[in-house]
Amino acid sequence: MSIAPKADQDEAAAARLTDVVGALAEHGEAPAVIDFADGGDASLTYARLAASVDRFAAELRADDIGRGARVAILARNGAPWICACLGVVQAGAVPVPVDARLDDDALAHVLSDAAPRVIVTDEGSRERVERLAPGGAGLRPLPPARAEPCDTASPLPEAAAEDTALLFYTSGTTGPPKGVPLSHANVMFELARLRELGIVEPGERLLLPLPLHHVYPFVVGMLTALSYGIAIVFPRALTGPEMQTALREGRATVMLGVPRLFETMLAGIDRRAEEGGLLARGAWRAVDAVSTGARARLGLPLGRVLARPVRRRIAPDLRLLVSGGAALDPGLARRLDGLGWTVATGYGLTETAPMLTILPPGDRHFDSAGRPVKGVDLRIADDAGEDGAGENGAGGIEARGPNVFGGYLGLPEKTAEAFTEDGWYRTEDRGYLDGEGYLHVLGRSKLFAVTEAGENVSLEEVEALHARHPAIAEIGVFMREGRLSAVAVPDRAAIRETGDDPQEAVRAAIREAGRGLPGYKRVQDLAVGGEALDRTQMGKIRRDRLEQRFDALRAGRGEAETGPMPAEQMSADDRTLLDAPAAGAVWARLAERFGDVRLSPDSDLRTDLGIDSMAWVDLTLDIRDAAGVELREEQTARLETVRDLLEAVRDAEDAGCEGPAGAAPSDVTEAPERFLSENERRWLRPLSPAELALAHGAYWVNRGLMRALFRLRVEGLEDVPRDAQVVILPNHASFLDGFLIVAALPFDMLRQTVIAGSADLAFRTRVHRAAMRLARALPIRSDRAAFSSLALPLVKLREGANLVWFPEGRRTPDGRLLKVRPGIGLLLDAHPATAVPVILDGAFEAMPIGRALPRPRRITVRFGQPVRAEDLAEHGEGEQPRARIADAIGRRMAELKRGDA
């Protein structure tokens, strides 16, 4: 089946990309670029942009960079990037936008294959480019966006319609990136079609969060905006707060994105409603259901009124959402449409510059990719590659038109494979055209696999079916030896609410999702990992890395090598984040502290790094030492990933929040009671006679269990003084540690002792809290700033109680001792007491991290020699007393573990 609209030979055939550059100055003082990474307080006008472009073009020409020469650009989005790119065009040369996130091998391949005369880059990528660039390529910094005008304007170069205007590289999700030259005719045809549709109007503002090294944001976003004379708004980073700032303060009316971006936007709205309490949650669910249902079933735009408060809170001026780069889920599109936004989408590839079809604003056939662009011909080939429909009308999608490229750079065999004998381009996607002429894209041909039984399976469909389960954040599926295999990533937030083990929760989710599927669509081999799947910046899974990651996880090697993610593997936004001094300092401290795990911006503070509320106390002290800032308590409650933490630190630095935002060390140590909430004061009450009787009974039950299951042995207890206040400092080996310490101490001593525990774990349910009350435990909250978190144990120490504190801050992942964190140093410096190091020998072997039930093992609780806090401060190393105390405690624990003490 085919649909072949007549291709017109209109003004697009005669236009050149240089025409867009030449018309910039005509828009005068209208804002051209608003870059929030550059402060966002001043816009770059079209007149100033034109002057900067002209000056850079003149500089290139002076160095004999002209017609046909290639100039690679590796930098983050922004006005300087646009100046560089358009300056290259005006000089007559060919811009080569390059993804700075490519790994070393891929980046070296692209730079070698493109053979640029010049590489324009920013400081963040310069060192890496110098190392990987081929000989003969000169390096230039990005031009200033506000350069002074040249004395004389450079004449626009002559260019033929068939000349290469741009050179893009495919994302390389299944192999090395391939060079895709696009001619002036290819690009200008697309711009002419977009202008005909009238999607945007003069005076609007376009939020452009996608990287410009992809043809979709480059043509549909940047070039379209510049040809209309509207402002381009660049967010500071791809995070919720930064996106909302750019939307609101940039007064964006149109947003160009990919499906994952819109999914995240709606997920954020849902999450805020859930956190708002029962009333807010119920109200939002009702508005969502009524608005979406009325729009889908009756065509009534009730959401424009009902959901207006929500839309205004996010972005009061935003009206149009343009999605591309991947297929937009029909359900997501209907929900966005139902809530009052206008949705436009389409389908295309780098090789087609990019649009082949478009679903324009107002057309609500969301189960399709729209109709072919005027002037583009589409047909469906059967499995044999012949013109005609395959089974159920589906087959390979083929295209021809003025926007289709002429062939890959230096790859004649790949080019021959990409085109049919009669000149149609094979998209490598499967789909069908319905009776109304709408294209339905089923997925990449390479992502259809054949099972051992001969069934055709769409891997993307299987992924979508399983990703609906709340316990699964991401899943990547591939076929191996006729069996469906998958790498799944847990949804940390959802699983944290249930308290389940992430591995088991995901496996249960896979089983549950598979029950409703035919056997050939069920995942049979699974690997679970905490780190996000490798994706291109357009949101596509890097298929070439799935099997490698699967094998590493199944072999027990984890996500990858341990240690911090190299900066060159991070997104441009994450590298920009690390350029902030405070964020960079905290990243370096995290890399030092968590060298035994894989550390990336996506690492979950609790799930991946094991930071519970006890560890949070010490982590925030580290942050204060490293960056000179302390986060406010309302901030820390919202932090989930390393990226969240780094952004919060950067924002605190920008706001000038040096030192603690709420409490200084001297404030807390002098009057800790002032920093206790009413809820926390409840934990200071002594046990009632009834509670004391229950505690006594529970003590003997626990003691009996520990001795029966683990043949508990206690050594050195006789050296612990009964006539002095002590702080007992065990290593943190397992979930059993608190029970073991309680079983090791005599009850009369335990009555005078409190145990610091994680509010996130030990106090999360009513039953847990009741048990902790009997154990005289204190909840250390992760949503408190570092110093105010210590108020509760400080009050108890001042009252004369003994304290049990786990000085390493988190459980060991491998049985080895961890570095003692400075929180205990702060406590003992504020209230000197006798410290008693303790080693729990055998606890890790009995119940390591990730094990749901303990194994019977002999466990020994070994008490070390008591030592005064003053002596610890004298014998430890560090600049501050708390650091010296912590260092000395660590040395004593290491000696005790070796048996030296």
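Asn186 is buried, with 5% relative accessible area, in what is a predicted model. The residue belongs to helix H6, which covers residues 184-197. Its side chain makes a polar contact with the backbone oxygen of Pro402, at 2.8 Å. Leaving aside residues up to four places away in sequence, Asn186 touches Pro181, Ala353, Pro402, Asn403, Val404 and Phe405.

One of these contacts, Ala353, is a useful next stop. Ala353 sits in the loop between E14 and E15. With a relative accessibility of 0%, Ala353 counts as buried, because the cut-off for that class is under 20%. The backbone of Ala353 has a positive phi of about 70°, although the residue is not a glycine. The peptide bond that joins Ala353 to Pro354 is cis, with omega about -10°. Pro354 is likewise placed in the loop that runs from strand E14 (342-348) to strand E15 (355-359). The positive phi of Ala353 and the cis bond to Pro354 can thus be inspected together in the viewer.

A second alanine invites a comparison. Ala115 also has a positive phi without being a glycine, here about 50°. The loop that holds Ala115 lies between helix H4 (104-114) and strand E6 (118-121). Is Ala115 buried or partly exposed? Its relative accessibility is 47%, so Ala115 counts as partly exposed, whereas Ala353 is buried at 0%.

Strands E14 and E15, which flank the loop of Ala353, are also members of a sheet. This sheet is open, has nine strands and shows mixed pairing. Read across, the order is E3-E2-E11-E10-E12-E13-E14-E15-E16. Which strands form the edges? They are strand E3 (44-45) and strand E16 (371-372), each of which pairs on one side only. Strands of a sheet pair through backbone hydrogen bonds, in either a parallel or an antiparallel sense.

Within this sheet, strand E2 (residues 31-35) and strand E11 (residues 231-234) run parallel and are joined by three bridges. Asp35 can serve as a marker here: its bridge partner in E11 is Phe234.

Antiparallel pairing appears towards higher residue numbers. Strand E18 (residues 395-400) pairs with strand E19 (residues 425-433) over four bridges, in the antiparallel sense. In this pair, Ala399 stands opposite Tyr425 of E19. E19 also pairs with strand E20 (residues 439-444), again antiparallel, over five bridges. Gly431 has Val441 as its bridge partner in E20. How many residues lie between E19 and E20 in their hairpin? There are five, and Gly437 in the turn has a positive phi of about 90°.

The last stop is on the surface. A nonpolar patch there is formed by Val290, Leu298, Leu300, Leu302 and Leu306. Together these residues have about 430 Å² of accessible area. Leu306 lies in helix H11, which covers residues 303-306. Its relative accessible area is 40%, so Leu306 is partly exposed. Membership of such a patch requires over 30% relative accessible area, and therefore Leu306 at 40% clears that cut-off. Asn186, where this account began, is by contrast buried at 5%.

Definitions and conventions:
Residues numbered from 1 in each chain as written. Predicted model: local features only at pLDDT ≥ 70, side-chain atom pairs only at ≥ 80, totals over all residues. Heavy atoms only, no water. Patch = residues over 30% accessible without salt bridge, like charges linked within 9 Å, V, L, I, M, F, W, Y side chains within 5 Å. Areas by Shrake-Rupley, 256 points an atom, 1.4 Å probe, with all protein chains shown as cover. Salt bridge = Lys/Arg side-chain N within 4 Å of Asp/Glu carboxyl O. Helix = DSSP H or I, 4+ residues; strand = E, 2+ residues; numbered from the N terminus. Buried < 20%, exposed > 50% of the residue type's maximum accessible area, 1.4 Å probe, protein only. Polar contact = N/O pair within 3.5 Å; in protein donor to acceptor, adjacent residues only side chain to side chain. Contact = heavy atoms within 4.5 Å. Pairing = 2+ DSSP bridges.
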